[in-house]
Amino acid sequence: RGEKWDVSIQTEYEVVSSAPNPSEIGIDMGVKRFVTMSNGDFVEPLNAFKQEQEKLAKLQRKLARQKKGSRNSRKTKRKIARLHRYIADSRRDFLHKTSTKIAKNHSIVYVEDLKVLNMSASASGTKESPGKNVKQKSGLNRSILDQGWYGFFRMLSYKLERRGGRLIKVDPRNTSRTCPRCGLVSVENRKSQATFACIGCGFRSNADEVGAINVLRAGRARLARGMSGAVRPLSAGTQRDRLQH
Ligand SMILES: [Zn+2]
């Protein structure tokens, strides 16, 4: 990758089945806050790339002006590759640190099912403002890609399983508009991107935190009903895993 090599080492080992930390938590993914947890903790997104992205665009414009195959253009190409690598590495580092911290402190983590999240974003559009919805949806898709939500879930899942815990995906519909105090479901409960204020009982809170609490509850309900589908049993015994942080 850009003049450097990656080395991947595969190991096989016995998982020490230590009694898992009994804590469980719900997580809401977002753009302003990368993750918000049902206990009120949150992690800011990694926004350090704005500067790098401007630098990247500048280098790409420079490359376009330079003569193909010339010494200068090769030099610019190397700079671009280095910058790409730096951005990718920083992002991966951030995702690893964040997922490790959560997996260490909790054994069952409930998250929104991103597939359903995308679908509901496209379906929630109105005839009055289809343009607005398209914009919102592409915005959501872009931020999911930009911030590596899929990669984050994958890391979280194997790190939890390694410790005897697990990641459980829940249907995210209504998690942003249900009042955790009185249960009222209304679009109007969501006053703004940041504020939740129930029109029924007056409960007010941070909107992402409300989302995380609802994810936690939806996950618990799903567990109580009996898990359907794709979740594997708690891991034990030998497992293969790529060596990562
Ligand atoms: Zn309420």
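At 28% relative accessibility, aspartate 93 falls in the partly exposed class, and this residue offers a convenient way into the predicted model described here. Its partner is lysine 97, and the two side chains form a salt bridge whose closest N and O atoms are 2.9 Å apart. Lysine 97 itself counts as exposed, at 55% relative accessibility. Both residues belong to helix α2, where they are four residues apart, so about one helical turn separates them.

Helix α2, which spans residues 71-105, holds a further pair of this kind: aspartate 89 and arginine 92 are three residues apart, again a separation of about one helical turn. Their side chains meet in a salt bridge with an N to O distance of 3.9 Å. The cut-off for such a contact is 4 Å, and the pair is counted because 3.9 Å lies within it. Aspartate 89 is partly exposed, with a relative accessible area of 28%, and arginine 92 is likewise partly exposed, at 43%.

Another salt bridge joins the side chains of aspartate 171 and arginine 173, at 3.1 Å from N to O. Here too the partners are partly exposed: the relative accessible area is 37% for aspartate 171 and 48% for arginine 173. In the whole count, the model has four salt bridges, among them the pairs just described. As a general point, side chains of opposite charge can pair when their charged atoms come close.

Attention now turns to strand β5. This strand covers residues 108-112, and five of its five residues are buried, so β5 is largely enclosed by the rest of the structure. Ile108, Tyr110 and Glu112 point one way from the strand, while Val109 and Val111 point the other way. This fits a general pattern, since in a regular strand the side chains alternate between the two faces of the sheet. Whichever way they point, these residues of β5 are all buried.

Which strands pair with β5? One is β2 (residues 24-29), which runs parallel to β5 and is joined to it by three bridges. Within this pairing, glycine 26 stands opposite tyrosine 110. Another is β6, also parallel to β5, with five bridges between them. There, valine 109 has leucine 167 of β6 as its bridge partner.

The zinc site completes the picture. Four cysteine sulfur atoms serve as the protein donors of the zinc ion: the SG atoms of Cys179, Cys182, Cys198 and Cys201, lying 2.3 Å from the metal. The angles among these four donor atoms are 105 to 115°, and the site is tetrahedral. Along the sequence, the donor residues follow the spacing C-x2-C-x15-C-x2-C. One pair of donors links distant parts of the chain: cysteine 182 sits in the loop between β6 (166-170) and β7 (195-197), whereas cysteine 201, 19 residues apart from it, sits in the loop between β7 and β8 (204-206).

How buried or exposed are the donors? Cysteine 198 is buried, with a relative accessible area of 6%. Cysteine 182, by contrast, is partly exposed at 41%, and cysteine 201 is partly exposed at 30%. Finally, a search of the whole structure finds zero disulfides; the four cysteines named above appear instead as donors to the zinc ion.

Conventions
Residues numbered from 1 in each chain as written. Predicted model: local features only at pLDDT ≥ 70, side-chain atom pairs only at ≥ 80, totals over all residues. Heavy atoms only, no water. Donors = N, O, S within 2.8 Å, 3.2 Å for Na, K, Ca; no water. Tetrahedral: all angles 85-135°; square planar, octahedral: opposite > 155°, others 65-115°. Helix = DSSP H or I, 4+ residues; strand = E, 2+ residues; numbered from the N terminus. Buried < 20%, exposed > 50% of the residue type's maximum accessible area, 1.4 Å probe, protein only. Disulfide = S-S within 2.5 Å. Pairing = 2+ DSSP bridges.
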